[in-house]
Amino acid sequence: MRKQLTGATALIGSLLASVSLAGAPKGISLTLPLIPKDPSHLHGYRASVWLQPESLIWSHARIYFSAGFGHWWVNSDLPNQSLSIYSLSPVLRWYFFTQETVSPFIDLGVGPSWMTRTRFDNRNLGMHFAFQDEVGLGATFGKKQAISVILAAMHYSNASLCNMNAGITVPLILTVALNLD
């Protein structure tokens, strides 16, 4: 696990270094599962960096890009108790309204991901490639809108690109994000 945390830290550091050169709004986020479903005894986290191109900001909508590393595990006697997932996703964010201290929104994101295993717990995921789907409700807080809190549902599957497609589903995750600008 320590080796994977070191790899995640290096990945996030290099992504942040390249993002900082872009001059666009950027940030980091941490995601934790609150209510797992498939598998039901899932634990883990996802750390992400995000970049918001200025050209994709409109009055109520914006599109940003998120690159993440997730490490997930189960407590069982079965082999394949853990896997890591690398993901890249465009996310559409729609603000219901914006205010100085709080701005609620909905996020919709679908993007490619790479799983380090094709089997996880007793699940046959089929292949290393999968899509990461996420839909969530959240809000940004503070005068600078620097902190976001999001409750979302997340799903990984290969969209039946191969015969096996058990997928991973987490109906409720919590994401806390920090704008670094």
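Colour the chain by secondary structure: one helix and ten strands appear. This is a predicted model. Trace the order from the N terminus and you read α-β-β-β-β-β-β-β-β-β-β.

**Whole chain**

Stay with the full view for a moment. The chain has 181 residues, and 41% of them are buried. Turn on contacts next. Among contacts with a separation of 6 or more, 59% link residues 24 or more positions apart. Now show the surface. The accessible area is about 9,300 Å², and carbon and sulfur atoms hold 65% of that area.

**Stop 1: the largest pocket**

A general point before selecting anything: rolling a probe the size of a water molecule over the atoms shows where empty space is left. Go to the largest pocket, with a volume of about 540 Å³. Select Trp50, Tyr64, Arg93, Asp107 and Ser148; of the 36 lining residues, these are the closest to the pocket centre.

Which elements give two or more residues to this lining? They are β1 (26-35), β2 (42-51), β3 (61-74), β4 (82-95), β5 (102-115), β8 (129-141), β9 (147-157) and β10 (168-179). Highlight β8: this strand gives the most, with five residues. Colour the pocket lining by residue class. You get 13 nonpolar, 18 polar and five charged residues.

**Stop 2: the largest cavity**

Now look for enclosed space. Over the whole structure, one cavity of 30 Å³ or more turns up. The largest cavity holds about 30 Å³. Select its lining: Met115, Leu125, Ala130, Tyr156, Ser157, Asn158, Asn165, Gly167 and Ile168. How many of the cavity-lining residues are nonpolar, polar or charged? Five are nonpolar, four are polar and none is charged.

**Stop 3: strand β3 and its partners**

Select β3. Ten of its 14 residues are buried, so the strand is mostly covered. Add β2 to the selection. β2 and β3 pair antiparallel, over ten bridges. Find Leu51 and look across to β3: Phe65 stands opposite.

Swap β2 for β4. β3 and β4 also run antiparallel, joined by 13 bridges. Pick Ser66 and follow its bridge to β4; the partner there is Ser89.

**Stop 4: Leu92 on β4**

Stay on β4 and select Leu92. Is Leu92 buried, exposed or partly exposed? Its relative accessibility is 36%, so Leu92 counts as partly exposed. Expand the selection to its contacts. Leaving out residues up to four places away in sequence, Leu92 touches Ala61, Arg62, Ile63, Ile106, Asp107 and Leu108. Asp107 was picked earlier, as one of the residues closest to the centre of the largest pocket. Draw a C-alpha to C-alpha line from Leu92 to Ile106: the distance is 8.2 Å, for two residues 14 apart in sequence.

**Stop 5: Thr31 on β1**

Move to β1 and select Thr31. Thr31 has 0% relative accessibility, so it counts as buried. Show its contacts beyond four places in sequence. Thr31 touches Gly44, Tyr45, Arg46, Ile173, Leu174 and Thr175. Now add Ile150. Thr31 and Ile150 are 119 residues apart in sequence, yet their C-alpha atoms are 9.0 Å apart in space.

**Stop 6: backbone in the loops**

Switch to the backbone. Most residues other than glycine have a negative phi, and most peptide bonds are trans. The next three selections go against that pattern.

Start in the loop between β1 and β2, at Pro39. Check the peptide bond from Asp38 to Pro39: omega is near 0 degrees, and the bond is cis.

Next, take the loop between β6 (119-120) and β7 (123-124) and select Asp121. Asp121 is not a glycine, but its phi is positive, at about 60 degrees. Is Asp121 buried or exposed? The relative accessible area of Asp121 is 8%, so this residue is buried.

Finish in the loop between β9 and β10, at Ser160. Phi of Ser160 is also positive, near 60 degrees, and again the residue is not a glycine. Turn the surface back on here. Ser160 has 58% relative accessibility and therefore counts as exposed.

Note on methods
Residues are numbered from 1 along each chain as its sequence is written. This is a predicted model: local features need pLDDT of at least 70, side-chain atom pairs count only at pLDDT 80 or more; totals for chains, interfaces and linings use all residues. Side-chain values use heavy atoms; hydrogens and water are left out. On a 1 Å grid over the protein atoms alone, a cavity is a set of points where a 1.4 Å probe fits but cannot get out, and a pocket is an open set with protein on both sides within 12 Å along at least five of seven lines; lining residues have an atom within 4 Å of a point. Grid points are joined across faces, edges and corners, and a volume is the space filled by probe spheres set on the points. Ala, Val, Leu, Ile, Met, Phe, Trp, Tyr, Cys and Pro count as nonpolar, Asp, Glu, Lys and Arg as charged, and the others, Gly among them, as polar. Helices (H or I, at least four residues) and strands (E, at least two) are DSSP runs, numbered from the N terminus. Buried means under 20% relative accessible area, exposed over 50%, partly exposed in between (1.4 Å probe, protein chains only). Contact means heavy atoms within 4.5 Å. Accessible areas come from the Shrake-Rupley method with a 1.4 Å probe; for residues, only the protein chains shown count as cover. Two strands pair if DSSP finds at least two bridges between them.
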